[in-house]
Amino acid sequence: MLKYLRKIYFLIFLNACILRDLRVHPRRYENLKISDFDKYLVWRPHESSLGKPKLTAMGVIVQPNIILTNSAQDLVNNAVVINGTVMKKTSFVVYGKRESLSKLRLDDKYVDWRKAINLAETYPPDEFEPKLALIKLCHKIPVNTHYATIARFPKRTFKIGAKCVVIGLSKDNALASILNADIVDLDQCENDTFKLHESIVCVHLPYNARQPHCEHIVDGSPLVCRGFIIGIGGTLKTCNSYSPRPFTGTFYHRVWMREQIAEIDANTPILEEHSPLAKHIVVFGLIEGGQKYPKGLGVIIADDIVLTHYAEDLTEPGIHGLSENTIGFIIYGVQRVHSLKTISPTNEIEWIEAKNLNGPHRPSQYKPQIALIKLNSTINLEPENVEVLPLPDKNLANGTECVVVGLGYEMTDTIVAIKATVLNESYCKREIPEINYSAICIDIPNPMGDNDQCDYFTGGAPLICDGVLTGIVSAPCINRKPRPCTNVFDFRYWIMSTKKSFRSFNSCNSLIKSFPEVTLILLILLFTHLQSW
């Protein structure tokens, strides 16, 4: 009896091993849906079609700030001229998008990019050489969410006969599609005229008249086996829907990927995206014709006063070419400004009056830029979320650690902080001969070359050293030049006297509103005084 039980246990164990091996290389295609993959997919336009972008290429999320695709043009040194202004060429990816891929919507989740590193030495690469590219995003994708997660990559090769899937795009470019795929011998993808690199994975896709692979596989299409990204494919100039298809094997190039990712990480400035300094920052702008227009950043220096670089005084809107109905606004107490329309009214205050150091008109580029905005009501200060930032009581000392706080692209992003290098005065003067005497010059080194301070730090962004407001970033910004900041310490007396003038004027207004007869008494005294002359 014991002998028979041992045989039964042995057969059960053997069956389990066979089933486990079948799961590694299943004989049947996996019954998978696009929802099993869409969290680690991103969609992107081709760099050649950025004027009228359509989501016709793909990629997979490797890290929150890195995407893997088959090839991508490095846009760092590419620029376009728009209305006489040289603008950096920028592309983007969309994540968390599950349908209507042929249409871009305002609520799509975009992340911009410019830096791309290709496996091939030349761009565009040859059609049948191994093709991989890493795209460095300008901001991180929030992973481990309902919309995005990091893709998994294999730790070994998959055997011939393994049954996998390829993710592509439907004929109308509206939905992602899944094609069944078998790994076959490499020579089935070769012919007499060319030989493929040993890192190529050859895949046979059963012919389907309704969705031939020549129409569905796009640049960056991933080859997926048991949930692992084992290959990346792309479009072919000469394609036969009855023939196997080459994919670049990710396992064979894992060392290259690891080295490039390490270089990107080492040369990426650390942006602190949930900085405690955000509680001192406001976004200010104008409301005209029912539309909100952001103008810059500011710093809370009192519960009713904001310090910035320049602001239009709306008590005299005609000087600035504005209508009499134009009013100002600030947004405070938020970490992210994704859309001005979604900001809670409790985080918004209106303003009319502003005072600029050099009068009502906008100062020239390298003149001192500093202004105060008087709010119509007081900010609800809370130690954890909204707080006043103290003014300096001494000048900046050499070697002081500083950070600059700013807002992302087009001022509709996350408030970020980053370490800033304060440059030597003589170097700053040599680089910008027109610079004013009170300027502090800063730089944010970025060896990758894809971002600079112009991308993140608009006018009014504060330079904070040892927890004290030290400088206000000037505008506009010039690429590849040090960024001037107005030294707050040099203008502390102007700041204090202007604050007092705001309060004195408000006190008089409050007195007149409370006691209307005061106005009559003042007029009688003025009339009597004039008669005595």
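Trainee: With which side chain does the side chain of Lys292 make a polar contact?

Mentor: In this predicted model, the partner is the side chain of Glu348, at 2.7 Å. Lys292 itself belongs to strand β16, which covers residues 291-302.

Trainee: Is Lys292 buried, partly exposed or exposed?

Mentor: Lys292 has a relative accessible area of 26%, and is therefore partly exposed. One may also relate sequence to space here: Lys292 and Ile327 stand 35 residues apart in sequence, while their C-alpha atoms are 9.7 Å apart.

Trainee: What joins the side chains of Arg114 and Thr90?

Mentor: They are joined by a polar contact of 3.3 Å. Arg114 is part of strand β7, residues 109-118. Its relative accessible area is 2%, so Arg114 is buried; the limit for that class is under 20%.

Trainee: How should a pair of aromatic rings be read, and how many aromatic pairs are there?

Mentor: Two quantities describe such a pair: the distance of the centres and the angle of the planes. The count here is three aromatic pairs. One of them is formed by Tyr207 and Tyr242, which are stacked, with 4.3 Å from centre to centre and 15 degrees between the planes.

Trainee: Which parts does the pair of Tyr207 and Tyr242 tie together?

Mentor: Tyr207 lies in the loop between β11 (200-204) and α2 (213-216), and Tyr242 in the loop between β13 (228-232) and β14 (245-249), so the pair ties together parts that are 35 residues apart in sequence. Tyr207 is partly exposed, at 43% relative accessibility, whereas Tyr242 is exposed, with a relative accessible area of 58%.

Trainee: How are the rings of Phe251 and Tyr252 placed?

Mentor: Their centres are 6.1 Å apart and their planes stand at 75 degrees, so this pair is edge-to-face. The angle decides the class, because planes over 60 degrees apart count as edge-to-face. Phe251 is buried at 17% relative accessibility, and Tyr252 is partly exposed at 42%.

Trainee: Over which ring does the charged end of Arg152 sit?

Mentor: It sits over the ring of Phe228, 4.4 Å from the ring centre. A further case is Arg492, whose charged end sits over the ring of Phe489, 3.6 Å from the centre of that ring.

Trainee: How is empty space found, and how many cavities of 30 Å³ or more are there?

Mentor: A probe the size of a water molecule, rolled over the atoms, shows where empty space is left. The count is three cavities of 30 Å³ or more. The largest cavity holds about 120 Å³ of space. Of the 14 residues that line the largest cavity, Glu127, Glu129, Lys131, Pro246 and Thr248 are the closest to its centre. The element that gives the most to this lining is β14, with three residues. By class, the lining of the largest cavity consists of six nonpolar, five polar and three charged residues.

Trainee: What is the volume of the second largest pocket, and which residues are the closest to its centre?

Mentor: The second largest pocket has a volume of about 450 Å³. It is lined by 22 residues, of which Val422, Leu423, Glu425, Ala439 and Ile440 are the closest to its centre. Two or more lining residues come from each of β22 (415-422), α4 (425-431) and β23 (439-443). The lining of the second largest pocket divides into eleven nonpolar, eight polar and three charged residues.

Methods: Residues numbered from 1 in each chain as written. Predicted model: local features only at pLDDT ≥ 70, side-chain atom pairs only at ≥ 80, totals over all residues. Heavy atoms only, no water. Phe/Tyr/Trp six-rings, centres within 6.5 Å; stacked < 30°, edge-to-face > 60°. Helix = DSSP H or I, 4+ residues; strand = E, 2+ residues; numbered from the N terminus. Buried < 20%, exposed > 50% of the residue type's maximum accessible area, 1.4 Å probe, protein only. Lys NZ or Arg CZ within 6 Å of the ring centre and 35° of its normal. Polar contact = N/O pair within 3.5 Å; in protein donor to acceptor, adjacent residues only side chain to side chain. 1 Å grid on protein atoms, 1.4 Å probe; cavity = no way out; pocket = protein on both sides within 12 Å on 5 of 7 lines; lining within 4 Å. Points joined across faces, edges and corners; volume = space filled by probe spheres on them. Nonpolar A, V, L, I, M, F, W, Y, C, P; charged D, E, K, R; others polar.
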